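Here is a set of questions that set values against the definitions behind them. The structure comes first.

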Amino acid sequence: MSIAAALGESVSGDSAPPPRRTAQRAHLVLLGPGLIYLVLFFVVPVGALLATSLYVPVPGGDVGEYQPALHWQNYTDAIAQFWPAILRSFWFAFLATVASLVIGYPLAYAIAVRARGRKLLQGLLLVLVVAPFFTSFILRTIAWKQILADDALVVTLLHWLHLLPADERLTATPFAVVSGLTYNFLPFMVLPIFAALERLDSRLLEAGADLYASPTTTFRTVTWPLSMPGVVAGTLLVFIPAAGDYVNASLLGNNTNTAMVGQVIDARFFKVLDYPTAASLSVVLMVAILLLVGAYIRRSGTEDLL
Amino acid sequence: MTTTASASRADATGSGGAALEIERVTKAFGAFVAVDDLTLTVPSGSFFALLGPSGCGKTTTLRMVAGLEQPSAGTISIGGRDVTGTRAHQRPVNTVFQSYALFPHLTVRENVAFGLKRSRASGIPGRVADGLDLVELGHLADRKPGQLSGGQQQRVALARALVNRPALLLLDEPLGALDLKLRRQMQLELKRIQTEVGLTFVHVTHDQEEAMTMADTVAVMNRGRIEQMGSPAELYELPRTSFVANFLGQSNLVAGTVTERLTKRGLLGVDVRGTRVLVPQARAVRTEGAVLVGARPEKMRLLVGDQAPGRGENVLGPGVVTDVSFMGVSTQYQVEVAGLGTFGVFAQNLLGGATVAVGSTVRLAWAVDFTFGLDGAQARDEGTVDLDDEP
């Protein structure tokens, strides 16, 4: 007799009974507060942003006076003028994401796998990872400005070691901006990867070894794929805010060859009072991030994260 | 195409699996000695069971053979090659883990192909299909392990190990998570597969019935040592320690002292609280001093009233029947004999049920030929299965 027959098929597709009306009402009630919040603080502002992006200046009006219109040229103008900043934003965000992954994965692995079973050590290391959050984001970035300053220890040491040519500096360089981004968003990379690796069953690694996989191969074929949801979540949590960040570029950059789009939007809104351009740049940034992230998630095969 | 890796594995495997030799292996975790000076040979092509209670060192032994632990001392050879010190992925051994340890991110097919891919074997798709057919799971090849039932997962784990044609297949309580009925079926199935593929199987279990049903040779382990090794029938009929007598089935053991040797008939006379009991000398571990005299419950019968024992039978008693349990094929009696303790007696229900009532006074009789003698220094209740101990 076949065992398969004896076992039967346990995984038959039972369809759930149709939801009753009262249950549906309960769902709506539970969703209510969240929906209201999202409409007030997300849908309405985005709508306002979209509208503003098409405004035109009031003829003969003051600086910062605009009237509703459907002036699509705002977009082409904004892109034509600021495309280097847009591209640079994505490039810097990409570099910061890669750097955070390279630094963050081993760190998460050490905490989750190497320190497994030592609760105290794990807790301590995790606290260290999130410790920077206890101080303000801006203060920390200003601190980096001090650390990378021309007359500070790091630059002096690098000059002395001839790792940095004597006429070069660190502050106000793309390197400083990417370093700042990496530093500021690193915990967002470490925590989701830690969560994924923490759940990793060490018996699977033994099974890999038992099936002739060397430790490297076991990492490549078992550990890495199983930590993928953490990696995808981490890269998104770093890339998205990094692409729109303007604090690092403002404080650690030099405004010319390090300007990021967030910085440009900030300047358009608050300094030049050019609301339509700022709004259209915001929309461009949002759409570009959505497209990039969508393509990335599709490629990495982790659609269930969405 | 044949690479060196798969070629050497094929050499090690041959047709009937490889022999396993464990020589004077000790494994200590800090002060705790899990495996103590263990020596063991498993002939190639055999179905070998390591039987023992939890914590007896059987799983540690298996893990050392797999290469997942390294022995503190001693050597392990597979197919005549010393593999001590090599790592798990370098050994021609595969394991069916207790937890199955299937890769959750891979399909059933990819799980089964995992080992073959690592050893760069040729004809992987065909071999994977054959492996899945062997465990009758071909139709579920594209499912993920999470979508399978426990029994199906167990068979995927088996196929994943078997397709590699390992020199040695290690089974670490692979049936532990299945319910009783399914477990019985899988036992027969595993036995069939082992006969079919002819590999050497080393099976670790705490289930004595499972070990006896499946294995050619059973080694009973206790406290990091092997108590006794032999065929299931040998171990059952002639246990050499009180642990084996109690752990493998049940035994009635009573303490006594050897008082005479009937050398001509090859028998020992043992005084059990004033009653003379005969033990065949060949079935006794000790031939002098304090001994434990034993007999299996189904070998014993009840003598009622002045019923006389047959020729060549030992008699103990009288005692009082304290419990009668009807079990369908048999009836189990508990008989309390003053000064000697409680005896179990299994009687086949030839007459359709219990023939003796609770409270009756009976004597116990059993054939001298089925009596065994153990070392009197061992505890009578060593190895008695405590149900709370087992997972």
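Q: Why is Phe47(B) called buried or exposed?
A: Buried means under 20% relative accessible area and exposed over 50%, with partly exposed in between (1.4 Å probe, protein chains only). Phe47(B) has 0% relative accessibility, so Phe47(B) counts as buried. This is a predicted model, in which local features need pLDDT of at least 70 and side-chain atom pairs count only at pLDDT 80 or more, while totals for chains, interfaces and linings use all residues. Residues are numbered from 1 along each chain as its sequence is written, chains are lettered from A and ligands numbered from 1 in the order in which they are written, and side-chain values use heavy atoms, with hydrogens and water left out.

Q: Which residues does Phe47(B) touch, not counting residues up to four places away in sequence?
A: Contact means heavy atoms within 4.5 Å. Among the residues that Phe47(B) touches are Leu171(B), Leu190(B), Phe201(B) and Met214(B). Phe47(B) itself is found in strand β3 (residues 47-51) of chain B, a strand being a DSSP run of E with at least two residues, and a helix a run of H or I with at least four, both numbered from the N terminus.

Q: What makes the pair Glu206(A) and Arg63(B) a salt bridge?
A: The rule asks for a side-chain nitrogen of Lys or Arg within 4 Å of a carboxyl oxygen of Asp or Glu. The side chains of Glu206(A) and Arg63(B) meet at 2.6 Å, N to O, and therefore satisfy the rule. The count between chain B and chain A is one salt bridge.

Q: How many residues of chain B are in contact with chain A, and what area is buried between the two chains?
A: 40 residues of chain B are in contact with 27 residues of chain A. Buried area is the accessible area (1.4 Å probe) that two parts lose on being put together, summed over both. For chain B and chain A this is about 2,800 Å², with 62% on carbon and sulfur atoms. His89(B), His105(B) and Arg118(B) supply 21% of the area that chain B buries against chain A, more than any other three residues.

Q: What area is buried between domain 1 and domain 2 of chain A, and how many salt bridges cross that interface?
A: Chain A is divided into domain 1 (32-71) and domain 2 (83-305), with bounds from an automatic or database domain assignment. The two domains of chain A bury about 780 Å² between them, 82% of it from carbon and sulfur atoms. The rule finds zero salt bridges across this interface.
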